[in-house]
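Biologist: I've got a new model open and would like to learn how to read it. Can you walk me through it?

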Amino acid sequence: MHTETFSISAPAAAAINAAHRIVAIGTTTVRVLESASRDGEGAIVEQGGATAIFIRPPMEIRHADVLLTNFHLPRSTLLILVSAFAGREFVLRAYEEAIRERYRFYSYGDCMLIL
């Protein structure tokens with residue numbers, strides 16, 4: 001799994017912790033939120049660093065309620081993350097529809113909003 005750097009400001013951490021619903025824009029956001037809260041009591045705190053977390057089923061996503069992301073390539077680690085978020089069968093059905101409708105995959109392609 002590749003590493004991604006991040007920075008969470010104190011105001012951003014406070015807003016995330018106070019939110020009733022968190023919409024993650026992209027898989028990087030999910031990885032950062034999950035990495036930032038793995039230690040301690042689960043609250044997000046001001047911090048910077050890097051994440052190499054590999055999110056895969058059956059891991060529970062604790063800090064994102066909604067995900068907006070691309071249609072990722074088959075057999076990719078990011079597709080596995082999306083499967084952990086939404087469930088493998090649901091994702092497979094979405095991909096069947098995307099293929100049938102000729103959606104574009106990967107970066108700069110079509111995206112999906114998982115509620």
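Modeller: Let's begin with the surface. This is a predicted model, and the accessible surface of its protein chain is about 7,100 Å². Carbon and sulfur atoms hold 54% of that area.

Biologist: What share of the 115 residues is buried?

Modeller: Buried here means under 20% relative accessible area. In the protein chain, 36% of the 115 residues are buried.

Biologist: What radius of gyration does the protein chain have, and what would a compact globule have?

Modeller: A compact globule with 115 residues would come out near 13 Å; the protein chain has 15 Å, so the two agree. Along the principal axes, the C-alpha atoms fill a box of roughly 45 × 30 × 25 Å. As for contacts with a separation of 6 or more, 72% of them are between residues 24 or more positions apart.

Biologist: On to the elements. How many helices and strands are there, and in what order do they run from the N terminus on?

Modeller: The protein chain has 4 helices and 5 strands. Starting at the N terminus, you read β-α-β-α-β-β-α-α-β.

Biologist: How do I read a sheet?

Modeller: Start with the pairing: strands of a sheet pair through backbone hydrogen bonds, either parallel or antiparallel. In this model, 3 strands make an open sheet, ordered β2-β4-β5, with mixed pairing. β2 (23–25) and β5 (111–114) are at the edges with a single partner strand each, so each has one side without a neighbour in the sheet. On average, and ignoring direction, neighbouring strands of this sheet are turned by 15° against each other.

Biologist: Which strand do the 3 bridges join to β2, and is that pair parallel or antiparallel?

Modeller: They join β2 to β4 (residues 66–70), and the two run parallel. To find the pairing on screen, pick Ala24: its bridge partner in β4 is Leu67.

Biologist: Which helix packs on the sheet?

Modeller: That's α3 (residues 77–86), which touches β4 and β5. The direction of α3 makes about 155° with that of β4.

Biologist: And why is helix α2 called largely enclosed?

Modeller: Count its buried residues. In α2 (residues 27–36), 7 of the 10 residues are buried, so the rest of the structure largely encloses this helix. The buried ones are Thr27, Val30, Arg31, Val32, Leu33, Glu34 and Ala36.

Biologist: What do those buried residues of α2 pack against?

Modeller: Their partners are the strands β1 (4–8), β2, β3 (47–51) and β4, along with helices α1 (10–18) and α3.

Methods: Residues numbered from 1 in each chain as written. Predicted model: local features only at pLDDT ≥ 70, side-chain atom pairs only at ≥ 80, totals over all residues. Heavy atoms only, no water. Pairing = 2+ DSSP bridges. Axes fitted to C-alpha atoms, helices over the stretch in contact; angles between N-to-C directions. Contact = heavy atoms within 4.5 Å. Buried < 20%, exposed > 50% of the residue type's maximum accessible area, 1.4 Å probe, protein only. Rg over C-alpha atoms; globule rule 2.2 N^0.38 Å. Areas by Shrake-Rupley, 256 points an atom, 1.4 Å probe, with all protein chains shown as cover.
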